Amino acid sequence: MTYLLVFFLLLAAGMPIAAVMVVVGLGYVVLVMGMDPLIAAQRVATGIDSFPLLAIPFFMLAAELMNHAGITDRIFRLAKAIVGAVPGGLGHVNVVASMLFAGMSGSAVADAGGLGKIEIKAMKEDGYDVEFAAALTAASSTIGPIIPPSISFVIYGLTAGVSIGGLFAAGLVPGLLMGAALMVMVAFYSMKRGYGRSQPFGFGELGASFVHAFLALMTPVIIIGGILGGVFTPTEAGAFAVLYAFILGKFVYRTVRWSDVPELVMETARSSANVLFIIAASALLGWILTAEQVPIHLAESIIGFSAEPWVFLLLVNLILFVLGCFMASAPVIIMLAPVLLPSATLLGIDPLHLGVVMVLNLMIGLITPPVGLCLFVVADVAKLPVTQLARALVPFLIPLVVVLLLVTYVPQLTLALPAALGYGG
């Protein structure tokens, strides 16, 4: 309990989460377990000694290249041609564009920072309230890590020992449900505030925008099709995504210059280092928790409280929702997945189902204060105070939470597609 208190005190003091995990873990190994501190160093080092982890920097670099190559503009134009004629057109375009881009980047932040600039600018020019435009942009960005590919699913799969391909398949229907729910909210606001169509529907523009975006749209088809078809692993898929995005940007669209590459690689290195350092540090805490049999004790406690799966899932959602308000998704997944999985397994909850519930819940945390990353990114793009954007986001939490509850208590929404493709938990 003392070390748990120290953990949260250091977090509250502003120390980075990875450093907190190393300090607390090292102190526990030396002072409580009485072991050589080199043991802690070894556990940290082995935490990232994994080939599949290369998928994370690969997908991050692919997202950087796609944003720089102008793929976001092409996706936005296509989404506008599809749903721009609907009342509240640009609101629906915002959601559809995020769903399309989700199949390429696997990152909510890439969506918020890349598409967000285009979406908010277009909506402001078309007469939408800036708070509405920014709030919708932040909310729709959470779809990114649910529709495959997904960096968060890669992290969960590696941490929990679950098929990443199965997780990608499990996230597709929930991601589509999130988009549909947000579009219902957009329709409600459009009727209430009189937001009109952004452009008339035309097969000519639809065809032209589809051709304009066709090669970009092939990215998720190739990546997901290749993984689910067994052509390549998620890591190899990430490497292919980088190569494909670079070819599009450099040789097809001619929007990426050789001089841009070093900065794109450095930005990816900075982002990847943050995530991988967290993974490495969490390996130490994970080893300590296993050595102290915490997962077993927690499983016994939860089942002792109630052996009903619905109660367990409710508790998990409450815990994740609170933690998601204060912590990034990666460390929460890394720390809790190994702890929660034994209990879930005993209660008959499929690991694929648990993974989607965890990631979806934590994506909501990306737009909630005080540390929601997408909240801050979109606030910066829209030039709004974070508090003002947070208030505007409150109504958009409703459809996301409704989808979370549906996914939590109707497991077939998550498991039907993986089962059809031959994936098990």
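The paragraphs below go through a predicted model, starting with its confidence and moving on to helices, aromatic contacts, loops and a few single residues.

Residues are numbered from 1 along each chain as its sequence is written, and side-chain values use heavy atoms, with hydrogens and water left out. Local features need pLDDT of at least 70 and side-chain atom pairs count only at pLDDT 80 or more, while totals for chains, interfaces and linings use all residues.

The term pLDDT stands for the predictor's confidence in each residue, from 0 to 100. For the protein chain its mean is 84, and 94% of the residues reach 70 or more. Among the elements of the chain, helix α17 (residues 351-365) has the highest mean pLDDT, 95, and helix α14 (residues 294-305) the lowest, 67. Helices here are DSSP runs of H or I with at least four residues, numbered from the N terminus.

Helix α10 covers residues 164-193. The expected span of a helix is 1.5 Å times one less than its number of residues. For the 30 residues of α10 that gives 44 Å, and the end C-alpha atoms are 42 Å apart, which agrees. The helix has a kink of about 30° at L172, shortly before the proline P174; the bend at a residue is the angle between axes fitted to the seven residues ending there and the seven starting there. At the N-terminal end S163 acts as a cap, with a side-chain oxygen 3.4 Å from the backbone nitrogen of G165. After α10 comes G194, with a positive phi near 75°.

Helix α5 (residues 71-83) can be checked in the same way. Its 13 residues reach 19 Å from the first C-alpha to the last, close to the expected 18 Å. Buried residues, meaning those under 20% relative accessible area (exposed is over 50%, partly exposed in between, with a 1.4 Å probe and protein chains only), include I71, F76, L78 and R74 in α5. R74 also lies over the face of Y253, at 3.5 Å from the ring centre. For such a contact, NZ of Lys or CZ of Arg must be within 6 Å of the ring centre and within 35 degrees of the ring normal.

Next come the contacts between aromatic rings. Rings of Phe, Tyr and Trp (its six-membered ring) pair if their centres lie within 6.5 Å; planes under 30 degrees apart count as stacked, over 60 as edge-to-face and the rest as tilted. The count by this rule is 12 aromatic pairs. In the pair of F132 and F396 the ring centres are 5.8 Å apart and the planes stand at 50°, so the pair is tilted. F132 belongs to helix α8 (residues 130-141) and F396 to helix α19 (residues 386-409), so the pair ties together parts that are 264 residues apart in sequence. F132 counts as buried because its relative accessibility is 4%; F396 is also buried, at 1%. Both are members of one aromatic cluster that also contains Y128, F188, Y189 and Y195.

Helix α8 also holds S140. S140 is buried, with a relative accessible area of 0%. Its side chain makes a polar contact with the side chain of S98 at 3.0 Å, and the side chain of S140 also reaches the backbone oxygen of T137 at 3.2 Å. A polar contact is a pair of N or O atoms within 3.5 Å; within protein, one must be able to donate a hydrogen and the other to accept it, and residues adjacent in sequence count only if both atoms are side-chain atoms.

Some loops have backbone features to look at. In the loop between α8 and α9 (151-160) lies P149, which is joined to P148 by a cis peptide bond with omega of about 0°. R254 lies in the loop between α12 (234-252) and α13 (261-291). Its phi is positive, near 60°, in a residue other than glycine, and R254 is exposed, at 67% relative accessible area. K383, in the loop between α18 (373-382) and α19, has a positive phi of about 60° although it is not a glycine. K383 is exposed as well, with a relative accessible area of 67%.

Two further residues give distances across the model. Q388 is found in helix α19 and is partly exposed, at 25%. Q388 and F101 are 287 residues apart in sequence and 27 Å apart in space, C-alpha to C-alpha. S301, in helix α14, is partly exposed at 47%. The C-alpha atoms of S301 and C325 are separated by 25 Å, with their positions 24 residues apart along the chain counted as the separation.

Key
Helix = DSSP H or I, 4+ residues; strand = E, 2+ residues; numbered from the N terminus.
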